[in-house]
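Student: I would like a close look at one part of this model, the salt bridges, with the largest pocket taken up afterwards. Please go through it in one connected answer.

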Amino acid sequence: MKQELTAAFKKYVSAYDLQDVKIQLKYIHTGRVAANCERIARSLDLSSEDIFLSWEIGMLHDIGRFEQLRRYNTFIDAQSIDHASFGADLLFQDGLILQFESDSSKYGIIETAIRCHSLYRLPEDLNEREIMFCQIIRDADKVDIFRANYETGMAAIYNVTEEELAKSDVTLEVYEAFCEEHAVLRSLKKTPIDHLIGHISLMFELVYPESRNLAAEQGYLEKLVGFPSENPDTQKVLQAAGQKYDEFARDAAVYKLGRALQKASSSDVATKDCQNSVDFADSEGLIELENLLWLTLTRFQNYPFYTAKNLEFSYTIKGNEMFVSRKDKSITRATVNLTFRNALRLGRKAPGPKALGTFGASYLYPVFRKIGVLL
């Protein structure tokens, strides 16, 4: 089914100028959004039919962009036409959908998701199933917008010079929307840097944990946040954005580790034999878990933790060592892994640091509780 729809999509796009950079941009964007939709749908444990439907919506969500560019020579909706509604009209009023999908029972969901994918807020009269598919495509689209903005170049995307972008101020209303942690209305954006802050603010709108994980995993959002502004006031805003992103990335890392631990609970990594044995062999699954654990720990550097005695501490990681603020001697990665294995043997339940039985356990215990290793 995927092959047929992909072939139909390629045939449709072939009628446009594939040498045009903007056409190429949307062609690549479509495939990536569809892949994001599928991954998000899988994380929700949807049926195979609904996973495919999510992917299908991703493939068709920007179908109106190609004709929009041909007719108006722009992707800016305010200067041409609402691309989402236009695409839905092409599909369901002009009959274009028949080139991609013959099952009319899907049409309602597909049309609703496409019409709503770029709205500031979803209509209030949608049912739960409609809301789910709308949220999947909206999340998937936002995640790839981070990539498109970075890879294409922000100055090119926002149609300004590098100097204008680097020196511009953030409009007060845009800053207020960012501080309130929601998307920024297009009408509020007045300066070049407003567009960047608006795109960074999309992280607040991501609904599903897997969407946030995708955004953190790909790294493009982090690169947007790290834009080297030359404006002192804008630098402060971007510094605040960096702090928000750090929180975002920590949450994503904990989710990813939690999913991996949940998956491992039914594998040889966390079976009763493994938990109760004194020594167990390094399995591929366990090593992957330990690598993911270390990556998660790096996300929590300089984060404030508290020992069982309520003493505040933080840590930094250099190479394969963890340096705790209240401790002279570092905790090695090997010790962290040993402590992690002990936690697995205990079924991820330990009454206190001593139960972990390793050097540095008084510090690793609260960290493991925070990141979900210990329940």
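Student: To start with one partner, is Arg70 buried or exposed?

Tutor: This is a predicted model. In it, Arg70 is exposed, with a relative accessible area of 51%; the cut-off for that class is over 50%. Arg70 forms a salt bridge with Glu67, and the closest N and O atoms are 3.3 Å apart. Glu67, by contrast, is buried, at a relative accessible area of 11%. Both residues belong to helix α4 (residues 63–72), where a spacing of three residues separates them by about one helical turn.

Two further pairs join one helix to another. Arg115 and Asp89 meet through their side chains in a salt bridge, at 2.6 Å from N to O. Arg115 lies in helix α6 (residues 107–116) and Asp89 in helix α5 (residues 83–92), so this salt bridge ties together parts that are 26 residues apart in sequence. Arg115 is partly exposed, with a relative accessible area of 23%, and Asp89 also counts as partly exposed, at 25% relative accessibility.

The other pair is Glu217 with Arg39, a salt bridge whose closest N and O atoms are 2.9 Å apart. Because Glu217 lies in helix α12 (residues 209–218) and Arg39 in helix α2 (residues 21–43), the pair ties together parts that are 178 residues apart in sequence. Glu217 is partly exposed, with a relative accessible area of 38%; Arg39 is partly exposed as well, with a value of 30%. These two residues also take part in a network of salt bridges that links Arg39, Glu210, Glu217 and Lys256. For the model as a whole, the count comes to 21 salt bridges.

Now the pocket. The largest pocket has a volume of about 1,600 Å³. It is lined by 45 residues, of which Arg65, Phe75, Ile157, Arg186 and His199 are the closest to its centre. Helix α2, which holds Arg39, is one of the elements that supply at least two residues of this lining. The others named with it are α7 (128–152), α8 (154–158) and α11 (192–200). The largest share comes from α7, with seven residues. By residue class, the lining of the largest pocket divides into 18 nonpolar, 14 polar and 13 charged residues.

Technical notes
Residues are numbered from 1 along each chain as its sequence is written. This is a predicted model: local features need pLDDT of at least 70, side-chain atom pairs count only at pLDDT 80 or more; totals for chains, interfaces and linings use all residues. Side-chain values use heavy atoms; hydrogens and water are left out. A salt bridge is a side-chain nitrogen of Lys or Arg within 4 Å of a carboxyl oxygen of Asp or Glu. Helices (H or I, at least four residues) and strands (E, at least two) are DSSP runs, numbered from the N terminus. Buried means under 20% relative accessible area, exposed over 50%, partly exposed in between (1.4 Å probe, protein chains only). On a 1 Å grid over the protein atoms alone, a cavity is a set of points where a 1.4 Å probe fits but cannot get out, and a pocket is an open set with protein on both sides within 12 Å along at least five of seven lines; lining residues have an atom within 4 Å of a point. Grid points are joined across faces, edges and corners, and a volume is the space filled by probe spheres set on the points. Ala, Val, Leu, Ile, Met, Phe, Trp, Tyr, Cys and Pro count as nonpolar, Asp, Glu, Lys and Arg as charged, and the others, Gly among them, as polar.
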